[in-house]
Amino acid sequence: MLKRLRFPIRYVPFAATVAVFIGAYAIGAISFKNFFTLRVFVNLFHDNAYLGIAAVGTGIVILSGGIDLSVGAVIAFTGMLVAKLTACGINTGLAILIALAVGILFGILQGTLIASFDLPPFLVTLGGMFLARGGSFIINEEALSILKNPVLDFIEDNLQLSLGNGVYLECIEVVYLIVLLCGIVFTQWTPLGRRIYAIGVNEQSALLMGVPVARTKIMAYGIAGFCSALAGIVFTVYLKSGNPLNCIGLEMDAIAAVVIGGILLTGGVGYLLGSLFGVLTLGLIQVLIMFQGNINSWWTRIIIGILVLLFIFMQNLITKLSDKKQ
Amino acid sequence: MKKYLSLLILPLLLLVSCKKADSSKTITVGFSQIGAESDWRKASTLSIKEEAKKRGIELKFSDAQQKQENQLKAIRAFIAQGVDVIALAPVVTTGWDDVLKEARAANIPVILIDRRVDVSEDGLYACYIGADCTEEGRKAGRWLIENVGKQAGIAELVGTVGSGPAVERKKGFEEAIKGEPGLKIIKSQSGDFTRSQGKEVMEQFLKSPERDQINVLYAHNDDMALGAIQAIEEAGKKPGKDIVIISCDGVKEIFRQILAGKANCTVECNPMVGPYLFDVVETYMRGETIPPRVIPHEDVFDARNITQEVIDGRSY
Amino acid sequence: MNNSQSLNFIIGITALLVCVASTFISGRSQKFRHLRWPLVALSLLFLYNLIFKPTFFALEITDDGYLYGSLIDILNHSSKIALLATGMTLVIATGGVDISVGSIMAISGAVAATVIVSPYSSLILAVFLALLVSTLAGLWNGILVAACGIQPMVATLVLMVAGRGIAQLITDGTIITFHHPAFNAIGNGHLLGLPVPAWLAATIFLIALALTRTTSLGLFIETVGNNRTAARYAGIAARKIVWITYVFSGFCAGIAGLVVCSNIKCADANHAGLYLELDAILATVIGGTSMTGGRFYLSGSILGAILIQALSTVMYANDVNPAVIAVPKAILVIAVCLLQSDRFRSRIMALPVFRKFGGEPC
């Protein structure tokens, strides 16, 4: 049937993700009053921006054939770093730049360990996660708030666009969309992006073709580090506080979002745009349950687990079908 | 394609089975609860759910699984839904500025339950219904002085680091014992309000060099005390006699332990906020002014006023 | 120095000497070589405590006739990691990984607690049903990986995410508390002076050891992990081997769940086994098993579990905030990975200072 439609099979997972998202949205619109409003739609972006940015980084690493478990911990660490530096009197803008630099360095360090010594990414990023989490507690044991801060207040009061009805498009969503756009352009249209796909599909072949595998991997992890740090900064601006307990387990949410978005965990297959729909779907499920108001919240986890399962099955099926065609 | 259609029908059945809101007459309240991490929390949730049902108020309940992000999403969802009142039990004290300002802009009053928040300006929440945790700490300290004496080495199991109740119960207790130089807190560490960590930390206290000086345990909640009681027994000591146990909350299990002589005192922290909450909600809906502070009724319990009947009569 | 202090020192020095001696012996022997580095780390920990906190080694016999002290605590609390690590070792040996074991522990505890507070309360029924459910969970993972060919990390991710939701469904979102003396003995009891969980971990370890080393099962697992296609061509039922490992991992997680649930006398679906899968993977890797599969070392995993718990207990005993323990764990992971990496070792051996040792990787 798909052959008759002349629909390229490699777009099917992405199409399915979009279909699930639209379907779930439709269910919400039918069942609940006030669901099909601009506020709900903008909230989806505002509330999940940090996850989305983290998913872009995770997606790029997974496309290169690796994995990044340190995302949640780095978010907490950069948040604490910004909050602590601000509390010590350093200008918040400078603190943000420092935090971004730290994130990039952290990612490059992980990438170097993985690429130079052939260490398993799972374990190296696990170590990175432990290091960043412990580091957050060393910075400060309790949460630190950043209230009455000139830089953050400026961002909040001025960098927003009114969309009517009391709904605002704020800095955080725009940053996420910019990062997503850059990520898509990067993976689809730059040579480095293509090299990432190449080593994701088959590292040996890429090496034989002359792709600088080690350098590409390090760049991928560096970008992921930057995205995690940026997500941390966005999260801190979102909450106006840093907390060492933030985002525990977020890496699994990012991986789930990426898988639902159609990116294969083995690497080399998928589109970053899918991660947008993966993140939005995860957020949408939560909102649907909140609007219902009576379903117990643990169903969220069960539903997400089922979604991940269904998408894996579908991707598996498609891989087998496209193998058969050849 | 048919496969995908059937995937959509499953969740459809799940969701359309809910009743659609008849918004015009019923009051809608959105409540964002911290989680279900203890019996106390469960009792609080049950109290609110039952009271809502009794009064015919529609309750949108959201369990945040102890994550602040989930509570922020819930409050935004409530604002989008257009509920009449939002009730919030905040998991941490910081980070609520933005969302409370959004609620204020949408003309929805926010009522805080059980814990306070740290905000940059006044007027971001309409009312705080909850125990005065500082007073609970003071009551614990006073009970200690009156019933144990003025000489004791105290081990303290602190609640979740940075949470309102933990900070306030510590402050109140220290205030009450300040005048007595013979009362010293020799060990203090966080048990995170959970039974398992309370047990682990107590095990470590009982192995520390100061272990023989500990004759009083002050736990910020009953769950940690219950874990500590297990640790004390396993160390070969007698909880309730060798080490006096004082804790806060007042759950049924600690009452049983007090009756059995294994614990000594619990300062009640009333979780049954349902009636108080909806009294305030109905006051608001009638257009009258809400009181800024509501303190539920609380007692101090020890072996003198606990009997089997009292235990049977307790709902949590 | 009074009697108890000198006793502490004697125990401490004995422990240290045992560790150091084992390090040398294992270094010599080919069979136990993989135990060398964990033993070194353990020796360093004991040395630190001997110098700075000798009360760590205090051991006494309580009125009820069992041993009590920090060392026993390490044995006790490391049992759950050891149980998980035993199953995890076999899974990793086939080239896979099982990140759902923490959630399976929560489900197992939830099932057991529900049975005990129900009208049909009985120790045997609770244990049987809990182990049945966890073994089925392992079977589910095995089917996804072996039969459907799904990548292990993703396949077990499903249960890891959904499993806690299922556990909460079973407990109805509450923490179920219970009193059942026989069941409580699983997590709190003592046998011959030592804690029951340690006996359970030792038993499962011995069973796994017997199954894999006295039969050809171990060899098959290693072959499948090394090269699955070659294994299949050699006539090994690779799929069956793979799903057996997942079933066993689920079973071990079930026992660990029972231990945890019984230990705190309640079933906490939110916190039971949280992130223990990471500790189990860490223990396995410390013990010498490589994540790419192949040769595995059960004894190494047990030692790894003890090392991780020792680290944690030492932190508690020295009044360090337990959250900070993540940093030494991080250093441990990276150090172990580097030591196991051929590329790293050959580069270090190429350094001038080591060249006189003949360039033989350690």
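Reader: How many helices and strands are there in chain B?

Author: Chain B has 11 helices and 12 strands, and these belong to a model that is predicted.

Reader: What makes the radius of gyration of chain B agree with that of a compact globule?

Author: For 316 residues a compact globule would be expected to have a radius of gyration near 20 Å, and chain B has 22 Å, so the two agree. Along its principal axes, the C-alpha trace of chain B spans about 70 × 50 × 40 Å. Of the 316 residues, 55% count as buried, where a buried residue is one with 20 or more other C-beta atoms within 10 Å of its own. When contacts in chain B between residues at least 6 apart in sequence are considered, 74% of them join residues at least 24 apart.

Reader: Why is helix H7 of chain B called largely enclosed by the rest of the structure?

Author: The cut-off for a buried residue is 20 or more other C-beta atoms within 10 Å, and 11 of the 11 residues of H7(B), which covers residues 195-205, are buried, so the helix is largely enclosed by the rest of the structure. The buried residues of H7(B) include charged side chains such as Arg195(B), Lys199(B), Glu200(B) and Glu203(B), and among the others are Val201(B), Met202(B) and Phe205(B).

Reader: What makes strand S6 of chain B largely enclosed?

Author: Six of the seven residues of S6(B), residues 152-158, are buried, and therefore this strand too is described as largely enclosed by the rest of the structure. S6(B) is joined to S7(B) by seven bridges, the two strands running parallel, and Ala155(B) stands opposite Lys187(B) in S7(B). With S8(B), S6(B) pairs in the parallel sense over four bridges, and there Leu157(B) stands opposite Ala219(B).

Reader: How do you know which strands are the edge strands of the sheet with the order S7-S6-S8-S9-S10-S12 in chain B?

Author: Two strands count as paired if at least two bridges are found between them. In this open sheet of six strands, with mixed pairing, strand S7 (183-190) and strand S12 (300-302) of chain B each pair on one side only and are therefore the edge strands. Neighbouring strands of the sheet are turned by 20° against each other on average, direction ignored.

Reader: What makes S9 and S10 of chain B a pair of strands?

Author: Four bridges join S9(B), residues 244-249, to S10(B), residues 265-268; at least two are required, so the two strands count as paired. They run parallel, and Ser247(B) stands opposite Thr266(B) in S10(B). Helix H5 of chain B, residues 133-147, lies across S8, S9, S10 and S12 of chain B and runs at about 160° to S9(B).

Reader: Which strands are at the edges of the sheet with the order S2-S1-S3-S4-S5-S11 in chain B?

Author: The edge strands of this open, six-stranded sheet with parallel pairing are S2 and strand S11 (293-294) of chain B, each of which pairs on one side only. Within the sheet, S3(B), residues 85-88, and S4(B), residues 110-113, pair in the parallel sense over three bridges, with Ala87(B) opposite Ile111(B) in S4(B). Helix H10 of chain B, residues 274-285, packs on the sheet, touching S1, S3, S4, S5 and S11 of chain B, and its direction makes about 160° with that of S5(B).

Reader: What does the domain assignment of chain B give, and how many residues does the contact take from each domain?

Author: Domain 1 is assigned to 25-131 + 271-297 and domain 2 to 133-269 of chain B. Their C-alpha centres lie 30 Å apart, and the contact takes 10 residues from domain 1 and 12 residues from domain 2. The side of domain 1 that touches domain 2 has four nonpolar, two polar and four charged residues.

Reader: Which element gives the most to the side of chain B that touches chain A?

Author: The contact takes 36 residues from chain B and 35 residues from chain A, and H3(B) gives the most to the side of chain B, with eight residues. That side of chain B divides into 19 nonpolar, 10 polar and seven charged residues.

Reader: Which element gives the largest share of the side of chain C that touches chain A?

Author: In this contact 33 residues of chain C meet 37 residues of chain A, and the largest share of the side of chain C, 11 residues, comes from H6(C). The residues of that side divide into 23 nonpolar, seven polar and three charged.

Terms used:
Residues are numbered from 1 along each chain as its sequence is written. Chains are lettered from A and ligands numbered from 1 in the order in which they are written. This is a predicted model: local features need pLDDT of at least 70, side-chain atom pairs count only at pLDDT 80 or more; totals for chains, interfaces and linings use all residues. Two residues are in contact if their C-beta atoms, placed from the backbone, lie within 7 Å. Axes are lines fitted to C-alpha atoms, for helices over the stretch in contact, and angles run from 0 to 180 degrees between N-to-C directions. Domain bounds come from an automatic or database domain assignment. The radius of gyration is taken over C-alpha atoms; the globule rule is 2.2 Å times the number of residues to the power 0.38. A residue is buried if 20 or more other C-beta atoms lie within 10 Å of its own, exposed if 12 or fewer, and partly exposed in between; C-beta atoms are placed from the backbone.
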